[in-house]
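Take a walk through this structure, strand by strand and then loop by loop. Keep the sequence and the view side by side.

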Amino acid sequence: TTHICYIHSPMRYAWSHQEMYVNSIPFFLRPIMRFFLKRLKNWDKTTIDNVDLYIANSSNVAQRVKKFYNRSAEVVFPPIEEKLFEKNEHKIKPEFYLSFGALTPYKKIDLLIEVFNKSGKPLVIIGEGSEKEKLQKIANKNIQFKSCKSWSEVEFYFLKTKALLFPGEEDFGMIPLEAMAYGIPVIAYGRGGALETVVENRKEVEKSSGIFFHEQSLSSLEKAIRDFEAIESRFKSKWIIKHAKKFREKNFISSFQKVVSNYFVN
C-alpha cells in the first residue's frame with residue numbers, strides 16, 4: 001500500500017529543537033533525557049523509508065525533511081476552519097496585545113513577559129502548558145493569564161486585540177492565521193512558518209497582515225511594537241481577512257488532491 005505522510009515536523013525534541021528541550025529540565029536529568037532521545041532518534045531513522053510520499057505543512061518543514069531525512073517533500077499548507085470567516089471584521093476598540101498558544105519553552109513567552117513587564121502595557125496570554133506556573137510568577141499585574149475552554153471565549157479576546165504577538169519559531173503556525181481571519185495584525189518572529197503566512201509591507205501597510213522582528217531579544221521586540229504602533233491605524237482588516245482566506249479548508253483539499261493525483265500519475 002502506498003504510504004503518504006502529511007508531516008508537521010520531524011520530531012522537534014529529537015531533531016531540530018533537542019537542546020532547547022534538554023536545557024529546560026534540571027541539570028542532573030539532562031544526560032538521561034539525551035540517552036532516551038538518542039534512542040528515539042535512531043528508531044525514527046528506521047521509519048523514514050517506509051514513506052512513499054512526504055507532504056509537508058510548509059516550506060520550512062520541507063527543508064527539515066530534506067535536512068534530517070534526506071527526502072524531498074511537497075508542500076500543502078494546512079487549513080483554518082471555514083467558520084472563522086463567518087464573523088465580520090471586528091469593530092470593538094482594541095484594548096490589549098494578545099498571546100495565544102501552548103506555554104512551552106520554544107514559544108518564547110518569557111520574552112513577551114520581559115518586554116511587557118518593562119513597558120507596563122496590557123497583555124493577555126491565553127494558554128496552558130509546562131511553563132505556565134513559572135511565567136505567572138515573573139509577570140507583573142499588567143499581564144493577565146486566561147484559560148479558555150471554548151472558541152467563543154477565545155473569540156471574546158480576539159475581538160479586543162490590538163495585535164497578536166508570536167515570538168516563537170514555528171513549523172507553520174496556525175494561530176497567526178486564525179487571528180488574521182478576524183482581521184487582526186500579527187507581530188511575529190521572522191523565522192520559520194510565520195514567513196509563509198504573515199505579509200509585511202511597510203511601504204504599503206494597507207497590504208500587510210503584520211510585521212516581523214528578527215531577533216528573539218528585548219530590544220528587537222520592543223522596536224517591532226513601537227514600529228507597529230506608529231502604523232497601526234493603516235492596517236486594513238478587510239485585506240488581512242482576504243489574505244487569510246487563501247488558507248481556508250477548500251483550498252487545502254484542492255491542493256492536497258492535486259499533489260496526490262500528480263504522484264500517482266508520475
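Two strands pair if DSSP finds at least two bridges between them. With that in hand, note that the model is predicted, and begin with the strands.

Start at strand β7, residues 161–166. How many of its 6 residues are buried? The count is 5, so β7 is largely enclosed by the rest of the structure. One of its partners is strand β4, residues 96–100. β4 and β7 run parallel and share 2 bridges. Find Leu 98 and look across to β7: its bridge partner there is Leu 164.

Another partner of β7 is strand β8, residues 186–189. This pairing is parallel too, with 3 bridges. Here Phe 166 faces Ala 188 of β8. Now follow the chain between these two strands. It leaves β7, passes through helix α7 (residues 174–180) and arrives at β8. The resulting β-α-β crossover is right-handed.

Stay on β8 and look at its side chains. Which way do they point? Val 186 and Ala 188 go one way, while Ile 187 and Tyr 189 go the other. All four of these residues are buried, and buried means under 20% relative accessible area. Ala 188 is thus a residue to visit twice: it stands opposite Phe 166, and it shares its direction with Val 186. Val 186 in turn stands opposite Gly 210 in β9. Strand β9 covers residues 210–213 and runs parallel to β8, joined by 4 bridges.

Go back to the end of β7 for the loops. Asp 171 sits in the loop between β7 and α7. Is Asp 171 buried or exposed? Its relative accessibility is 7%, so Asp 171 counts as buried. Which residues does it touch, once neighbours within four places in sequence are set aside? The contacts are His 8, Ser 9, Arg 12, Asn 57, Ser 58, Asn 60, Val 61, Arg 64 and Gly 193. Ala 62 offers a distance to check: its C-alpha is 9.7 Å from that of Asp 171, across a sequence separation of 109 residues.

Next, turn to backbone angles. Most residues other than glycine have a negative phi. Asn 70 is not a glycine, yet its phi is positive, at about 55°. Asn 70 belongs to the loop between α3 (59–69) and β3 (73–75). Its relative accessibility is 58%, so Asn 70 counts as exposed. Lys 108 also has a positive phi, of about 60°, and it is not a glycine either. Its loop joins β4 and α4 (109–119). Lys 108 is partly exposed, because its relative accessible area is 21% and the buried class requires a value under 20%.

Finish on the surface. Where is Phe 28? Look in the loop between α1 (18–22) and α2 (30–47). Phe 28 counts as exposed because its relative accessibility is 61%. Phe 28 is part of a nonpolar surface patch with Leu 29, Ile 32, Phe 35 and Phe 36. Together these residues have about 540 Å² of accessible area.

Methods. Residues numbered from 1 in each chain as written. Predicted model: local features only at pLDDT ≥ 70, side-chain atom pairs only at ≥ 80, totals over all residues. Heavy atoms only, no water. Patch = residues over 30% accessible without salt bridge, like charges linked within 9 Å, V, L, I, M, F, W, Y side chains within 5 Å. Areas by Shrake-Rupley, 256 points an atom, 1.4 Å probe, with all protein chains shown as cover. Salt bridge = Lys/Arg side-chain N within 4 Å of Asp/Glu carboxyl O. Buried < 20%, exposed > 50% of the residue type's maximum accessible area, 1.4 Å probe, protein only. Right-handed = clockwise from strand over helix to strand, strands pointing away. Contact = heavy atoms within 4.5 Å.
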